[in-house]
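User: I've got a structure to look at and some basic questions about it. Can you walk me through them?

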Amino acid sequence: MSENSLSVILDAEVAVPDELMPIEEYVETVLMAAAKHLHCSGEVSVLLVDNKTIHQLNLQYRNVDRPTDVLSFPQLEGEDIGGLPNEPILLGDIVVSLPMAIQQAKDYNHSLRREFGFLLVHGFLHLLGFDHGSEEEEKEMFGLQEEILQSLQLTR
């Protein structure tokens, strides 16, 4: 696997709206743009779920008793986990609630493609160790998100 290449594994447990089709191509395009922007490579798994499933995951892994829009489960966690020669580094898993993305697109009055792209990039940045716990971290992470989304022409 070359630098700046990304392998994406996608699994959808919910129906995907036509606006996001072809979904595999869309997810790969968004995440490849993020990987290229951040000069990284590896493998990412993306799971599309309903609100009930993401609620259960949010409660189990974050002790937050409500659904959320996106969860990230990084494999690296501050460690440099090298893969086998010629094998991608496993960056982790991104779980997106598709019903939440649909609702947020309506609430924010922008396209579902933009909202879903935002959630993918947000989750990807978390896999790479970015966070928004402090004002400084938030400024850095959200700035990167907007740069990547603008490169994809996914503006508000």
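User: What makes up the lining of the largest pocket by class: how many nonpolar, polar and charged residues?

Analyst: Bear in mind that this is a predicted model. By class, the lining has 9 nonpolar, 7 polar and 5 charged residues.

User: Which of the lining residues are closest to the centre of the largest pocket?

Analyst: Those are R62, S72, H126, D131 and H132, out of 21 that line the pocket. The pocket holds about 510 Å³ of space. Two or more lining residues come from each of α2 (51-62), β3 (70-74) and α4, and β3 gives the most, with 5 residues.

User: Why is the set with L31, V44, I94, F116 and F124 called a nonpolar core?

Analyst: Because a nonpolar core takes buried residues of types such as Leu, Val, Ile and Phe, joined through side-chain atoms within 4.5 Å. The largest such core has 38 residues, and those five touch the most other members. Elements giving two or more residues include α1 (23-37), β2 (42-49) and α5 (135-151). The largest share, 9 residues, comes from α4.

User: What does F116 touch?

Analyst: Leaving out residues up to four places away in sequence, F116 touches L20, I23, Y26, V27, L48, V96 and L98. For each of these, contact means heavy atoms within 4.5 Å.

User: Which residues are in the other core, apart from that one?

Analyst: That other core has 5 residues, among them V49, I54, L57 and V95.

Methods. Residues numbered from 1 in each chain as written. Predicted model: local features only at pLDDT ≥ 70, side-chain atom pairs only at ≥ 80, totals over all residues. Heavy atoms only, no water. Buried < 20%, exposed > 50% of the residue type's maximum accessible area, 1.4 Å probe, protein only. Helix = DSSP H or I, 4+ residues; strand = E, 2+ residues; numbered from the N terminus. 1 Å grid on protein atoms, 1.4 Å probe; cavity = no way out; pocket = protein on both sides within 12 Å on 5 of 7 lines; lining within 4 Å. Points joined across faces, edges and corners; volume = space filled by probe spheres on them. Nonpolar A, V, L, I, M, F, W, Y, C, P; charged D, E, K, R; others polar.
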